[in-house]
Amino acid sequence: MFRTSLRSSINVLHRSAPSTLLKSRLTAYRYLSDEARSRIQTAVKANPVVLFMKGTPAEPQCGFSRAVVQILDLHGVPPEKLQTYNVLADQELRNGIKEFSEWPTIPQVYVNGEFVGGCDILIGMHQSGELETLLENNGVIPKIEAESTAEKATA
């Protein structure tokens, strides 16, 4: 008798498991509304460099955000070419930006509307020199011209 009731319970559980699993997967993903996606897209394209961070550049609320601000400052990104958004002040933005970029962490950096990456990516690009090249090629910072051969000859 115990086996029969156990089997029937397992069968009931087995039949309901896929739909329960499917529902839990569907609720695990938050779908970004068209309005929110449009607002983020507009924000990303509004300035040459856009940083979604925790806190503000003056008062970062996490070490990763602080590191990204310091790297951008080190490269001399002018304040008029940088727009920051505090994701802690807007829960919809905090969740929406992750889905928009398909990147799970914050901070997130965009240059001329293109997603660059988070803190780890920026650190790697800074160390390799790629970040400086990216910022120069996109007109964010001026290119540092090498001394011409004529100037070297006269020196």
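Student: How far is the sulfur of Cys62 from the closest cysteine sulfur, and why is there no bond?

Tutor: A disulfide is a covalent bond between the sulfur atoms of two cysteines. In this predicted model, the closest cysteine sulfur to that of Cys62 belongs to Cys119, and the separation of 7.9 Å is too far for a bond. The cut-off for a disulfide is 2.5 Å between the sulfur atoms. The structure accordingly holds 0 disulfides.

Student: Is Cys62 buried or exposed, and is Cys119 buried or exposed?

Tutor: Cys62 has a relative accessible area of 17% and is therefore buried. Cys119 is likewise buried, at 8%. The criterion for burial is a value under 20%. Across the chain of 155 residues, buried residues make up 30%.

Student: Which elements does the chain contain, and in what order do they run?

Tutor: There are 7 helices and 4 strands. Read from the N terminus, the order is α-α-β-α-β-α-β-β-α-α-α.

Student: How should one read the crossing of helix H2 and helix H4?

Tutor: One considers the approach of the axes and the angle between them. For H2 (residues 34–46) and H4 (residues 91–101), the axes come within 10 Å and cross at roughly 80 degrees, which means that H2 is roughly perpendicular to H4.

Student: Which residues make the contact, and how do they divide by character?

Tutor: H2 contributes Ala36, Arg37, Arg39, Ile40, Gln41 and Val44, while H4 contributes Glu92, Leu93, Gly96, Ile97, Glu99 and Phe100. These residues comprise 6 nonpolar, 2 polar and 4 charged.

Conventions. Residues are numbered from 1 along each chain as its sequence is written. This is a predicted model: local features need pLDDT of at least 70, side-chain atom pairs count only at pLDDT 80 or more; totals for chains, interfaces and linings use all residues. Side-chain values use heavy atoms; hydrogens and water are left out. Axes are lines fitted to C-alpha atoms, for helices over the stretch in contact, and angles run from 0 to 180 degrees between N-to-C directions. Helices (H or I, at least four residues) and strands (E, at least two) are DSSP runs, numbered from the N terminus. Angles under 35 degrees count as roughly parallel, over 145 as roughly antiparallel, 65 to 115 as roughly perpendicular and the rest as oblique. Contact means heavy atoms within 4.5 Å. Ala, Val, Leu, Ile, Met, Phe, Trp, Tyr, Cys and Pro count as nonpolar, Asp, Glu, Lys and Arg as charged, and the others, Gly among them, as polar. Buried means under 20% relative accessible area, exposed over 50%, partly exposed in between (1.4 Å probe, protein chains only).
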